[in-house]
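The following account is intended to be read with the coordinates open. Please display the chain together with its ligands before proceeding.

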Amino acid sequence: MDLVVNEIFGPTVQGEGRSLGRRCAFLRLGGCNLSCSWCDTPYTWDWTGAGDSGVAHDPRKELHRRSVEDVLAELVEFDTDLIVISGGEPLGQQERLIPLVTALVGRGKEIEIETNGTHAAHPELVAAGVRFNVSPKLSHSGDTRKRRIVPAALTSLSAVSGSTFKFVCRNTRDLDEVAELVSEFGLRSVWIMPIGRTADDVTKHMTELADAVVERGWNLTTRLHTLLWDDKRAV
Ligand SMILES: Nc1nc2[nH]cc(C(=O)O)c2c(=O)[nH]1
Ligand code: SF4
Ligand SMILES: [Mg+2]
């Protein structure tokens, strides 16, 4: 079965979370089941202009059906130890990801999947050793709680060893909402990431959050690709 791909790019560095700064290649899949107002990749799902920018992207330009063999060949060409699979929401296509992930692991690659935490992880992806970077969305995303918080999915992802939970926050008030989710679902390995599509914005929010994040015993990550390249695509 083909994958619905938005873009493949690399080599670059993982800009967020536990592997920040590591050289890697990216597979960005198309489609998302949420519609966060501040989404930094609306071109993977926003065909109506629902997001903050109001731009209606064209699915005929943004979505490409690609065979697993094709995607595999393009990814290994970058010659990176780490492959990051993001979106959109990549777990919307997780059955179809199994053969790709299996082939990449067979070639010695480490795999991280960036997910919004609304899909339980497929056991075959877990068995292959994929690391999940789970980013549940807070109320400021504009999505209803019912859509963005799927208890069974969060429970399943938190049971996978090595999952991290990364929350996009604007200010210290958002940290109370994170704390509620952390205690409700017993989340470990919590990371806070500032919102922002420009370097100035990221720095501003990061500065506001830093002391409180450390105080609460959590980890802090910047958005390195945004500091370096603002909202340039495919970096
Ligand atoms: N360099 C870089 N690192 C990233 N980490 C997570 C990303 C994402 O779009 O999910 C991303 C991205 O788009 N670029
Ligand atoms: S879950 Fe991620 S890709 Fe989907 S709309 Fe929200 S920020 Fe964008
Ligand atoms: Mg991104």
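The paragraphs below treat the annotated sites, the surroundings of one ligand, and several backbone features in turn.

The model is predicted. A convenient place to begin is the loop between β2 (23-29) and α1 (59-62), where Trp38 lies. Cys32 is found in this loop between β2 and α1, as is Cys36, and Cys39 has its place there too. For Cys32, Cys36 and Cys39, an unreviewed UniProt entry gives the feature "binding site". A further "binding site" feature in UniProt, also from an unreviewed entry, covers Trp38, Cys39, Asp40, Gly88, Ser135, Pro136 and Lys137. Cys39 therefore appears in both annotations, a point that rests on the records and may be inferred rather than shown by experiment.

Are these cysteines buried or exposed? A residue counts as buried if 20 or more other C-beta atoms lie within 10 Å of its own. Cys32 has 20 such neighbours and is therefore buried. Cys36 is buried because 24 other C-beta atoms lie within 10 Å, and Cys39 is buried because its count is 22. Trp38, by contrast, has 17 C-beta neighbours inside 10 Å and so counts as partly exposed.

The contacts of these loop residues, setting aside neighbours within four places in sequence, indicate what each one meets. Cys32 is in contact with Thr44, Trp45, Gly87, Gly88 and Glu89. Cys36 is in contact with Lys137, Ser141, Gly142 and Asp143. Trp38 has contacts with Asp52 and Ile195. Two of these partners recur in the UniProt "binding site" feature that includes Trp38: Gly88, a contact of Cys32, and Lys137, a contact of Cys36.

Which residues surround ligand 2? The shell consists of Cys32, Leu34, Ser35, Cys36, Cys39, Thr41, Gly87, Gly88, Glu89, Asn116 and Lys137. Cys32, Cys36 and Cys39, which carry the UniProt "binding site" feature, are thus among the residues around ligand 2. By residue class, the shell divides into 4 nonpolar, 5 polar and 2 charged members.

Gly87 and Gly88 deserve attention for their backbone as well. A cis peptide bond joins Gly87 and Gly88, with omega about 10 degrees. Gly88 is placed in the loop between β4 (82-86) and α3 (94-106). Both glycines belong to the shell around ligand 2, and both are in contact with Cys32. Another cis peptide bond joins Gly10 and Pro11, where omega is about -15 degrees. Pro11 is found in strand β1, which spans residues 3-13.

Two aspartates remain to be described. The phi of Asp79 is near 55 degrees, a positive value in a residue other than glycine. Asp79 lies in the loop between α2 (68-76) and β4, and it counts as exposed because it has 10 C-beta neighbours inside 10 Å. Asp230 likewise has a positive phi, of about 50 degrees, although it is not a glycine. Asp230 lies in the segment after α9 (224-229). With 15 C-beta neighbours inside 10 Å, Asp230 counts as partly exposed.

Terms used. Residues numbered from 1 in each chain as written. Chains lettered and ligands numbered in written order. Predicted model: local features only at pLDDT ≥ 70, side-chain atom pairs only at ≥ 80, totals over all residues. Helix = DSSP H or I, 4+ residues; strand = E, 2+ residues; numbered from the N terminus. Buried ≥ 20, exposed ≤ 12 C-beta atoms within 10 Å, placed from the backbone. Contact = placed C-beta atoms within 7 Å. Near = placed C-beta within 6 Å. Nonpolar A, V, L, I, M, F, W, Y, C, P; charged D, E, K, R; others polar.
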